[in-house]
Amino acid sequence: MFWNKYFWPSFLVMILVVGLHWFALLNDIYDTVQWYDIVMHFLGGLWVFLFVLWAIHTQYGRFFLKHASIRNLIFFVLVVGVLWEILEIVLGFMHFSDPGYGFDVFKDLVIDILGAICGSIFYKK
């Protein structure tokens, strides 16, 4: 079943993330507004959580539903966050030699997880 109760929340958060990201790229927001990255990581973590929640409740994801504890879903968000940070390095957006790189990665991953925790509150309701 493609249309379950988790589809629209996931879709709407994705549209919000894409819209805010597009706006930020057009206006160089990432370089001028330091807290904007925090908002985007929070929404990104929330979206990944909601997307996985939607996916495991489709007919194709039923196999994974028995392993879908809140802890596992949050861990999956963490894995996606780590992969995102690796992608930022590969694409040249970040470098190991950048001042504060380690703290920035740690902060981004914590914010991703906070977004997932907010998604888990949605899931419990």
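1. A residue is called buried when its relative accessible area is under 20%, and by that cut-off Asp-108, at 1% relative accessibility, counts as buried. The structure discussed here is a predicted model, and every value below should be read as computed from that model.

2. The salt bridges are a good place to begin. A search of the whole structure finds 3 of them, and Lys-107 has a part in each of the pairs described here: with Asp-37, where the N to O distance is 3.7 Å; with Asp-104, where the closest N and O atoms are 3.3 Å apart; and with Asp-108, again at 3.3 Å from N to O. Taken together, Asp-37, Asp-104, Lys-107 and Asp-108 are linked in a network of salt bridges.

3. The pairs in this network can also be placed along the chain. Asp-37 belongs to helix α3 and Lys-107 to helix α6, so their salt bridge ties together parts that are 70 residues apart in sequence. Asp-104 and Lys-107, by contrast, are both in helix α6 and stand 3 residues apart, which means that about one helical turn separates them.

4. Are the partners in helix α6 buried or exposed? Asp-104 and Lys-107 are both buried, and for Lys-107 the relative accessibility is 18%, which is why this lysine counts as buried under a cut-off of 20%. Asp-108, at 1%, is buried as well, so a reader looking for these side chains should bear in mind that the term refers to cover by the protein chains.

5. The largest pocket holds about 1,100 Å³ of space. Its lining is made up of 33 residues, and those nearest the centre are Tyr-30, Asp-37, His-41, Trp-84 and Glu-88. Two or more lining residues come from each of α1 (7-26), α2 (29-32), α3 (36-56), α5 and α6 (101-124), with α3 giving the most, at 7 residues. Sorted by class, the lining has 18 nonpolar, 7 polar and 8 charged residues. Asp-37 therefore appears in two settings, since it lies among the residues nearest the centre of this pocket and also pairs with Lys-107 in the salt bridge that joins α3 to α6.

6. Trp-84 likewise deserves a second look. This tryptophan is placed in helix α5, which covers residues 70-90, and it is partly exposed, with a relative accessible area of 46%. Besides lying near the centre of the largest pocket as one of the residues named there, Trp-84 is a member of a nonpolar patch on the surface, formed with Phe-75, Val-79, Val-82, Leu-83, Ile-86, Leu-87, Val-90, Leu-91 and Phe-93. The accessible area of the patch residues together is about 1,000 Å².

7. Phe-49, found in helix α3, is buried, its relative accessible area being 0%. The C-alpha atom of Phe-49 is separated by 9.9 Å from that of Leu-78, although the two residues are 29 apart along the chain.

8. A last point concerns the backbone at Asp-28, in the loop between α1 and α2. Phi of Asp-28 is near 50 degrees, which is a positive value in a residue other than glycine. Asp-28 is partly exposed, with a relative accessible area of 47%.

Key. Residues numbered from 1 in each chain as written. Predicted model: local features only at pLDDT ≥ 70, side-chain atom pairs only at ≥ 80, totals over all residues. Heavy atoms only, no water. Patch = residues over 30% accessible without salt bridge, like charges linked within 9 Å, V, L, I, M, F, W, Y side chains within 5 Å. Areas by Shrake-Rupley, 256 points an atom, 1.4 Å probe, with all protein chains shown as cover. Salt bridge = Lys/Arg side-chain N within 4 Å of Asp/Glu carboxyl O. Helix = DSSP H or I, 4+ residues; strand = E, 2+ residues; numbered from the N terminus. Buried < 20%, exposed > 50% of the residue type's maximum accessible area, 1.4 Å probe, protein only. 1 Å grid on protein atoms, 1.4 Å probe; cavity = no way out; pocket = protein on both sides within 12 Å on 5 of 7 lines; lining within 4 Å. Points joined across faces, edges and corners; volume = space filled by probe spheres on them. Nonpolar A, V, L, I, M, F, W, Y, C, P; charged D, E, K, R; others polar.
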